[in-house]
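Dear colleague,

I am handing over the structure below, and after it I set out what was found in it. Please read the notes with the model open beside them.

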Amino acid sequence: MDDLNEKENIGDIKRERTLRIFFYVLIMAIFVLAMWLFYTKLYSATRDNIIESGRISAIESSNMIDKCMSASLDTLKLAAYTVDNMIRNDRNQKEIFDYLTDQTIAVADSLIADTTGVYGYIRGEYMDGSGWVPDESYDATKRPWYIDAMAGAGRLVVVDPYLDLDTGTVMITLTKTLCDAKSVIGIDISMNDLQTIVEDHASKENSAAQFIVNGKGVIIAHSDKEQNGKDISENTDPVSQYVSSMISTYKSGYSNIRYDGRDYIVYVVPLENEWVCVSVMDATEDFSSLRILLISTIAISLLMISILGILATRSEKKSRKLRESAMQTRHALAANEAKTAFLSNMSHEIRTPINVILGMNEMILREESNDRILRYSENIRGAGNSLLGIINDVLDFSKIEAGKIEIIPVEYDVSSVINDLVNMVHTRAEEKGLALQLNISPEIPKILFGDEVRIKQIIMNILSNAVKYTEKGSITFSIGCRKMHTDTDGVLISVSVKDTGIGIRKADINRLFTKFERIEEERNRNIEGTGLGLNITKSLLELMGSTLSVDSVYGEGSTFSFELSQKVVNWEPVGDYEASYRAHMRSRGKYKERFTAEQASVLVVDDNPMNLMVFESLIKQTKINTDIANSGDEGIELSKNNRYDILFLDHMMPNKDGIETLKEIRLDDGNPNKATPAVCLTANAISGAREKYMNAGFDGYLTKPIDPDRLEELLAELLPDDMITMTEPDSTEMPVMIAEGAEEFIPKEIEALDGDLIEVDTGLKNSASAGTYLSVLKVFFTSADDQSGELAGFFENEDIRNYTIKVHAIKSSAKLIGATGFAIKAQMLENAGKNGDIDYIRENHGQFMKEYMLIKELLSKVFDEKESGNKKPEADDGIMREAYEGIKAAAAAMDCEMLESIFDEMEKHDLPAGEHGLFSELKAASEKYDYDRILDLLSGR
């Protein structure tokens, strides 16, 4: 086994090393990726800026060129339009010539300075508005301006530039055919303005060139004048080739071109008459800086990889040393862990037969009349309870060492806690002739927020020790409180237990908290115990942020004390507890309902059928009429058709929760329950819950599992006085001094469930009776598959809202049956759902579902056996009526054999829905021969 463990450890080490290497590689990859993404984004931004600059430059140039040519174009269009009309009106040539002359003068004076004027070939005669007369060899029809115009078929045509020999200026001609399809009119304008535009733009920062190209590929104007007039398609450089391709498509666009060791951005914008304007931006310097940044990025990445590699190597060495140290520590602790595991397992194994022994012994005490046998039985009970206490201590110690003890704060009633403690210890003190003195401050707030169960365990351990080690005198139990300066919502509770016992030597005080060690073993050999109680007490207090103090005088007595901070839920003081306790003890007897209210009716809305079943059971003896609903909408429908005296609404329900349900009822003026008092049922026992529900319109709230006493108090408070009939105590029944929460008979099938998964005592307390508890367990069992299936579906679909609602419902059911640990895990998942922590849900959902199925499997041992075999016929109303009459008659005659035969006969039938709880209670009462209880249960039938 050791070799196997060693191999597993080596495997774990290799896996850890692999994971660590993977982690470092992942970090490096993420860093390099981040750097590369940064470079890519910066490169893209820089390139976009350069492209945008070229685009803006090209558009500005094209706009200026269009503006420059627009006056000449308008002049030519106007002249062409006028001459067309003159031709159509058959005006003579002289009138046309005079018009061209006038237009030339007007244009030269006001619109276009650099022009030779308006001219044309009209009706076979050349006319020039500037007065120029060509020689006799001049043939206008063979000039480019005439040829191009005729080819344009009525369109306005721009003729290629030419050099005017008289002025030495490069000119272009705008020309157009007239209405007779033979005449042509034209105007020459200077290229100086266009040349100035391209040169000015080429002088801007980062601009390499600016030029205009016509549809034939001829350069009209270039920032480098030597390029004017050249055919761009004859150039072999990439820029010219790109511009040539764009001319053919006559579309705007840009391209990133690398040529002759430099980077250029070329932007092309179309102009009128199939011309294009080209802007060439030199981006060499910008891209060079980006390349330098890329090289720097790679260098930094390599440096970081090197640094991470060095750190990883050092970390690996350190980790190896830590693993070796941990290995040694594991070997050293192996024996101690084995011991703890053994104690834990043995405690669980011993607990079951001890419970059986104590249960059977209880039957002897109830049924036997022989005094000698009763004395033996009393001794068995005392020894058995002591042994059970030792086992419980060992279990708690094992849980603490394993880190499985959790502090679970809830709202609790201080009076109830003190009452439980006094009830548990006063009998033992009286048996030894000790006086139990109470010193309870009347100023302690009534309702606090903390771990009620662990607080009672801590104080009970101290009280039990005081009784065990005190032979004469008294035990003084004191509780006080004071407000905290740092927390206005909290108090500091001080608890002390003073005894007049044997005391403790100063040298032994530090040994008090050593596990499995008892001081003065020889002197205290007759006192039972494991030596774990104070160790457990100290550990629990430390978990709650407190410490246990000891003050002792050897031979005179000891005082154990601690202080514990608690949140305050209700500042109402507990008052004179000692007086109320004495009155309570004088009047204690068999439970009887405080009142009946046969005319009252209440509506209970809860999506959990188990909760509904328990609620009905808790108020059954008050004879209040109860309607139930499984959803908010169903509850609203019932509220519209019936008048109720109180509404009980579960807070968290799917689709429509309790707050939304109440709001809809309150807003409906036609609803007869618009003003009916409402109580919220909730599993959230947290500070501030009361204010939350009161603000939502509720008149009160009850935490789940429901406290029967608190439920009766709330009913008495909210029901109309004229509906309540207070009950009087049974005068024939003598008051008996019994501990609060004394157990009723527990059926064997329920008792067998008690363990880590289900705390039967808690489930019985929540369900009010064994019969109801058995029914609640069955509902939990039969609904487990559907509930878990729905929860799994919500998980798969990542429907966090409905997942949270469903896990809340499962938590409530788990609390009800006593599956406390499972309920805590459900609460954690619910909290994660409310906070949107899907990672926590993903990590813990699988284990949660496994535990759910373990609980179902445990319950299957009870219910599968009950329901196995051939299906039994269901008992109809007649069979049930005869059975109840027979049970009532047998109980009145105290005939146990007849009762047994009736129950055996009823085992052949399936009971109708709703009868399981009552029938289980009747059977439990029959098995302990409680005939009065049977008659009480059947009094209304």
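**A buried strand and its partners**

V602 of strand β19 has I646 as its bridge partner in β21. Please bear in mind throughout that this is a predicted model. The two strands β19 and β21 (residues 646-650) run parallel and are joined by four bridges. Strand β19 also runs parallel to β20 (residues 625-629), to which five bridges join it, and here S601 is matched with N625. Together with helix α13 (residues 609-618), which belongs to the unit as well, β19 and β20 make a right-handed β-α-β arrangement.

As to burial, five of the five residues of β19 (residues 601-605) are buried, so the strand is largely enclosed by the rest of the structure. The cover extends to both faces, with S601, L603 and V605 buried on one side and V602 and V604 buried on the other.

**An open antiparallel sheet**

Elsewhere in the model, five strands form an open sheet with antiparallel pairing, and their order is β7-β6-β10-β9-β8. The edges are taken by β7 (219-222) and β8 (253-259), each of which has a single partner strand, so that one side of each is left without a neighbour in the sheet. On average, and with direction ignored, neighbouring strands of this sheet are turned by 20° against each other.

Within the sheet, β9 (residues 262-270) and β10 (residues 276-282) pair over seven bridges in the antiparallel sense, and I265 stands opposite M281 of β10. Two helices that pack on this sheet should be mentioned with it. Helix α4 (residues 192-202) touches β6 (207-213) and β7, and its direction makes about 155° with that of β6. Helix α5 (residues 238-249), for its part, touches β6, β8, β9 and β10, while its direction makes about 160° with that of β8.

**Aromatic pairs and a charge over a ring**

For the ring geometry, the count comes to 15 aromatic pairs. In one of them, the rings of Y119 and W145 have their centres 5.1 Å apart and their planes at 85°; because an angle over 60 degrees counts as edge-to-face, the pair is assigned to that class. Y119 belongs to strand β1 (residues 115-122) and W145 to helix α3 (residues 144-152), so to speak of this pair is to speak of a link between distant parts of the chain, 26 residues apart. Both Y119 and W145 are buried.

A tilted pair is formed by F795 and Y803, with 6.3 Å from centre to centre and 50° between the planes. These two residues can also be described by their accessibility: F795 is partly exposed, with a relative accessible area of 22%, whereas Y803 counts as buried at 1%.

Y119 and W145 appear again in one aromatic cluster, which is formed by Y119, Y121, Y126, W132, Y138, W145 and Y146. In addition, K483 lies over the face of W571, at 5.3 Å from the ring centre.

**One residue of helix α20**

Lastly, which residues are in contact with Q787, if its neighbours within four places in sequence are left aside? They are K806, I810 and Y852. Q787 itself lies in helix α20 (residues 770-796), and its relative accessibility is 17%, which is under the 20% cut-off, and therefore Q787 counts as buried.

With kind regards

Definitions and conventions: Residues numbered from 1 in each chain as written. Predicted model: local features only at pLDDT ≥ 70, side-chain atom pairs only at ≥ 80, totals over all residues. Heavy atoms only, no water. Buried < 20%, exposed > 50% of the residue type's maximum accessible area, 1.4 Å probe, protein only. Contact = heavy atoms within 4.5 Å. Pairing = 2+ DSSP bridges. Axes fitted to C-alpha atoms, helices over the stretch in contact; angles between N-to-C directions. Right-handed = clockwise from strand over helix to strand, strands pointing away. Phe/Tyr/Trp six-rings, centres within 6.5 Å; stacked < 30°, edge-to-face > 60°. Lys NZ or Arg CZ within 6 Å of the ring centre and 35° of its normal.
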